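User: Please take a close look at the aromatic residues in this model and how their rings are arranged. I would also like to hear about the backbone and the charged groups around them.

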Amino acid sequence: QCDSTGDSRPPLAKEFTVPVCYEMAPDLPRVCEHTGLAADDVIRLHTAAAFTVYAVGFVPGFPYLGYLPAELCGVGRLPSPRVRVEPGSVGLTGRQTGIYPLPRPGGWNLIGRTPLTIVDVAAGFFPLRVGDVVRFARIDERRFRELDGERLAEPA
């Protein structure tokens, strides 16, 4: 459906920066073993990429982000999913990365965690949409504690 100006383009994508503490990464050693990379190289590659939100699903607000740099591709899911993945956990598998917005079971390799709330179902807060761009920024545990519980900010 076109409007009266004939412009049928979708709204401009927003670009979000998501802080991640890569020290909270239970599966980083597994990813390093699979890729042959040092942890700092995995983190460097993950933070250097701009990821497109290709889909939102699995649980409300879970962004499927792609595509991983070639060096990080091909890491399979965990042999057995975790019973509970903490909200804000950042995982990867195959060619994608994503952020668990709510506590749920999950089988992706967890390589870090954001302190930010990326979904608040009760308040209708779902800032990430298909077509948006997500970049990850490394933070330490001190900064994680400072930001813990803040909402993902809309880009300026």
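Analyst: Buried means under 20% relative accessible area, exposed over 50%, and partly exposed in between, with a 1.4 Å probe and protein chains only. By that scale Trp 108 is buried, because its relative accessibility is 4%, whereas Tyr 64, at 23%, is partly exposed.

This is a predicted model, in which local features need pLDDT of at least 70 and side-chain atom pairs count only at pLDDT 80 or more, while totals for chains, interfaces and linings use all residues. Residues are numbered from 1 along each chain as its sequence is written, and side-chain values use heavy atoms, with hydrogens and water left out.

Rings of Phe, Tyr and Trp (its six-membered ring) pair if their centres lie within 6.5 Å; planes under 30 degrees apart count as stacked, over 60 as edge-to-face and the rest as tilted. Across the whole structure, a search finds eight aromatic pairs. One of them joins Tyr 64 to Trp 108 edge-to-face, with 5.9 Å centre to centre and 65° between the planes. This pair links distant parts of the chain, 44 residues apart: Tyr 64 belongs to strand S3 (residues 63–66), and Trp 108 to the loop between strand S7 (104–106) and strand S8 (109–113). Strands (E, at least two residues) and helices (H or I, at least four) are DSSP runs, numbered from the N terminus.

Tyr 64 and Trp 108 also belong to a cluster linked by ring pairs, together with Phe 58, Phe 62 and Tyr 100. Within this cluster, Phe 58 has a backbone feature to check: a positive phi of about 70°, although Phe 58 is not a glycine. Phe 58 lies in the loop between strand S2 (51–56) and S3.

Another backbone feature is found at Tyr 67, in the loop between S3 and strand S4 (82–85). The peptide bond leading from Gly 66 to Tyr 67 is cis, with omega near -10°. The ring of Tyr 67 also has a charged partner: Arg 95 lies over its face, at 4.0 Å from the ring centre. A charge sits over a ring if NZ of Lys or CZ of Arg is within 6 Å of the ring centre and within 35 degrees of the ring normal. Phe 125 has such a partner too, with the charged end of Arg 151 over its ring, 4.1 Å from the centre.
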